[in-house]
Structure formats: C-alpha cells, structure tokens
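Please walk through the aromatic residues and the nonpolar core of this protein, and explain how they are arranged with respect to one another.

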Amino acid sequence: MVSTVQNIAIDCTDAYDSARFWSRVTGRPLHPEDGPGEVETQVMPAEGPVLHFNQVPDTKAIKNRLHLCLRPETSREQEVQRLMGLGAAFVADHREPDGFGWVVLADPEGNEFCVLRSESDRAATGH
C-alpha cells in the first residue's frame with residue numbers, strides 16, 4: 001500500500017488573498033465554493049495536488065523547508081517579471097552565465113518559491 005498526495009497545504013494569514021495570488025500564478029481557478037473571508041481556500045490545478053491555503057494567526061518567520069518550483073511556459077526571465085508584477089518579491093538569484101539555475105521569489109505572505117528555466121530556455125542552451 002502507498003499514500004497519494006491529496007494537497008499541498010500552505011499556511012497564510014489571509015487564505016483567500018493567498019489563493020487568489022496563486023490562482024493568477026498558475027492560471028487555475030479557485031474552488032468554486034471559496035470566497036472572501038474563508039479560512040481555507042483551494043486552487044484547483046489541472047494536474048497534480050490541490051494547493052490548499054490554511055489561514056493561521058501567525059506570520060511566516062523562517063525559510064520554507066518545502067517550496068514549489070515553477071516551470072514557466074514563457075522564458076524564465078519573462079515569468080519572473082510577470083510574477084513580480086502580480087506581487088511576488090525577489091529573494092535570491094541562482095542563475096548561472098550558461099543559462100542554468102533558478103530565481104527565488106516569495107509570494108505576498110513571504111513563502112518562497114523557485115522559477116526554473118522553461119522548456120524553450122533549456123532547448124536554447126541544449127540542456
């Protein structure tokens with residue numbers, strides 16, 4: 001027997017606002033029953049586990065031990081700019097001169113996530 005990952009739970013101080021941010025990031029809808037003031041909300045991805053947002057009273061204090069890694073449809077650089085326009089904050093730059101690497105951003109609640117190279121970025125460098 002094995003277990004299946006049902007959802008990825010993300011603690012936040014405003015579940016609905018956090019879910020709306022991630023809905024815009026992923027282009028996926030919120031659960032149809034979720035609305036402002038909900039203490040638990042969900043983003044419904046086309047594939048993979050649900051992103052489940054739990055409203056908690058405390059704010060984030062230390063670096064995430066678990067985070068999401070995003071592979072954009074556009075270039076990594078275009079996606080970083082788009083996400084920062086949605087409210088993400090720049091955290092760290094791990095890009096290499098040869099095109100490898102990633103950029104670390106944080107959502108409006110301070111939860112870090114990575115933006116990887118897109119498939120087109122990878123094809124352009126041959127790896």
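In this predicted model, the largest nonpolar core has 20 residues, and those that touch the most other members are Trp22, Val43, Phe53, Leu83, Leu105 and Phe113. Two or more residues are given to this core by each of strand S1 (7-12), H1, strand S3 (50-55), helix H2 (76-86), strand S6 (103-106) and S7, and the largest share, six residues, comes from H1. In soluble globular proteins, nonpolar side chains tend to be buried together.

Two of these core members, Trp22 and Phe113, also take part in aromatic pairing, for which a search of the whole structure finds two pairs. In one pair, the ring centres of Phe21 and Trp22 lie 5.5 Å apart with the planes at 90°, and because an angle over 60 degrees counts as edge-to-face, the pair is described that way. Phe21 has a relative accessibility of 1% and Trp22 one of 3%, so both residues count as buried.

The rings of Trp22 and Phe113 have their centres 4.9 Å apart and their planes at 70°, so this pair is edge-to-face as well. It links distant parts of the chain, since Trp22 belongs to helix H1 (residues 15-26) and Phe113 to strand S7 (residues 112-115), 91 residues apart. Taken together, Phe21, Trp22 and Phe113 form one aromatic cluster.

Leaving aside neighbours within four places in sequence, Phe113 is in contact with a number of residues, among them Leu68, Leu70, Leu83, Val103 and Leu105. Elsewhere, an aromatic ring meets a charge: the charged end of Arg117 sits over the ring of Phe100, 4.5 Å from the centre of that ring.

Definitions and conventions
Residues numbered from 1 in each chain as written. Predicted model: local features only at pLDDT ≥ 70, side-chain atom pairs only at ≥ 80, totals over all residues. Heavy atoms only, no water. Phe/Tyr/Trp six-rings, centres within 6.5 Å; stacked < 30°, edge-to-face > 60°. Buried < 20%, exposed > 50% of the residue type's maximum accessible area, 1.4 Å probe, protein only. Helix = DSSP H or I, 4+ residues; strand = E, 2+ residues; numbered from the N terminus. Lys NZ or Arg CZ within 6 Å of the ring centre and 35° of its normal. Core = buried A, V, L, I, M, F, W, Y, C linked by side-chain atoms within 4.5 Å. Contact = heavy atoms within 4.5 Å.
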